[in-house]
Amino acid sequence: MRICAVALVGLIALTGCGKKKGGSHDGGLGGFVSGGSGGNDNPASGPTDLPSGIPTDLPSGAPSDLPSYDAPTPSYTYSAPPTYNSDGTNDITATGCDYDESTRSFQYTLNLRNPETQSMHYSITIEWEDQNGGSLLGSDYKSVTVASGSSQTLSATSYRTLTEQTSFTCKVTSALKYPSST
């Protein structure tokens with residue numbers, strides 16, 4: 001409350017309220033007039049109904065007893081995440097492209113080796129195509145996580161009854177890999 005009263009007194013002194021008794025302000029602008037060039041200029045008088053005990057000698061500048069602040073030095077270091085090739089087809093060697101008449105299924109064995117420095121998740125698509133016409137005979141999808149530097153063997157299978165002698169090819173059509181969150 002006292003600060004508000006002191007601010008009000010300062011505002012009254014700066015704007016010259018209660019000062020004009022006759023003379024005129026130049027250009028209609030408010031403010032106070034310095035010097036005594038207007039005939040009836042009397043010094044501004046302060047309000048008389050202010051409560052007692054309001055300090056009139058306010059300190060100037062910043063207090064000298066405040067502690068100084070030093071910004072903390074970070075205690076961590078940042079290193080860029082390891083880079084990797086998202087195409088995992090080079091991590092796969094496949095063998096045993098075959099058709100089993102007893103189970104009526106295409107088969108393909110995938111040997112997967114993760115060369116990365118982190119565990120990787122692989123999403124792999126395998127297709128069997130008719131070698132003569134190029135039509136799709138079967139497909140399989142595998143999703144697997146392989147630890148860094150480890151290997152895993154997967155069996156890809158697609159069930160289909162063949163009614164005639166068919167020449168076909170097996171191929172990994174895509175192998176997307178990305179860092180595993182586990």
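Is Tyr84 buried, partly exposed or exposed? In this predicted model, Tyr84 is partly exposed, with a relative accessible area of 34%. That value lies between the 20% limit for buried residues and the 50% limit for exposed ones, so the label "partly exposed" fits Tyr84 at 34%. You will find Tyr84 in the loop between α1, residues 2-15, and β1, residues 92-100. Together with Leu176 and Tyr178, Tyr84 makes a nonpolar surface patch of about 270 Å².

With that residue as a starting point, let us step back to the whole chain. One helix and six strands make up its secondary structure elements. Read from the N terminus, the order is α-β-β-β-β-β-β. Of the 182 residues in the chain, 22% are buried.

Now to the sheets. One of them is an open sheet of three strands in the order β1-β2-β5, and its pairing is antiparallel. Here β1 and β5 (151-159) are the edge strands, each pairing on one side only. From one strand to the next, the twist averages 15°.

Look at β1 and β2 a little longer. These two antiparallel strands are joined by seven bridges. Thr95 has Thr109 of β2 standing opposite, and Asp98 has Gln107 in β2 as its bridge partner. The two strands form a hairpin with four residues between them, and in the turn Arg104 has a positive phi of about 50°.

A second open sheet has three strands in the order β4-β3-β6, again with antiparallel pairing. At its edges stand β4 (136-146) and β6; each has a single partner strand, so one side of each is left without a neighbour in the sheet. The twist in this sheet averages 15° from one strand to the next. Ten bridges join β3 to β4, which run antiparallel, and Thr125 stands opposite Tyr141 of β4.

What links these strands through their side chains? A good place to begin is the disulfide, and the count for this structure comes to one. It joins Cys97 to Cys170, with an S to S distance of 1.8 Å. The link of Cys97 and Cys170 is right-handed, with 80° about the S-S bond. Cys97 belongs to strand β1 and Cys170 to strand β6, so the pair ties together parts that are 73 residues apart in sequence. Given the sheet orders above, this disulfide runs from a strand of the β1-β2-β5 sheet to a strand of the β4-β3-β6 sheet. The two cysteines also fall into separate burial classes: Cys97 is partly exposed at a relative accessible area of 34%, whereas Cys170 counts as buried at 12%. The limit that matters here is 20%, because buried means under that value.

Salt bridges come next, and a search of the whole structure finds four of them. In one, the side chains of Lys177 and Asp91 meet at 2.7 Å, N to O. Lys177 sits in strand β6 (residues 168-179) and Asp91 in the loop between α1 and β1, so this pair ties together parts that are 86 residues apart in sequence. Both Lys177 and Asp91 are buried. The loop that holds Asp91 is also the one in which Tyr84 lies.

Lys177 has a further partner in Glu116, with the closest N and O atoms 2.7 Å apart. Glu116 lies in the loop between β2 (105-113) and β3 (120-130), while Lys177 is in β6, so here the parts tied together are 61 residues apart in sequence. Glu116 is buried, as is Lys177.

Another salt bridge pairs Glu129 with Lys171, the closest N and O atoms being 3.5 Å apart. This one links distant parts of the chain, from Glu129 in strand β3 to Lys171 in strand β6, 42 residues apart. Lys171 is partly exposed, with a relative accessible area of 35%. Finally, Asp91, Glu116 and Lys177 are joined into one network by salt bridges that share partners.

Strand β6 is a handy place to finish your tour. Cys170 of the disulfide lies there, and so do Lys177 and Lys171 of the salt bridges.

Terms used
Residues numbered from 1 in each chain as written. Predicted model: local features only at pLDDT ≥ 70, side-chain atom pairs only at ≥ 80, totals over all residues. Heavy atoms only, no water. Patch = residues over 30% accessible without salt bridge, like charges linked within 9 Å, V, L, I, M, F, W, Y side chains within 5 Å. Areas by Shrake-Rupley, 256 points an atom, 1.4 Å probe, with all protein chains shown as cover. Salt bridge = Lys/Arg side-chain N within 4 Å of Asp/Glu carboxyl O. Buried < 20%, exposed > 50% of the residue type's maximum accessible area, 1.4 Å probe, protein only. Pairing = 2+ DSSP bridges. Axes fitted to C-alpha atoms, helices over the stretch in contact; angles between N-to-C directions. Disulfide = S-S within 2.5 Å.
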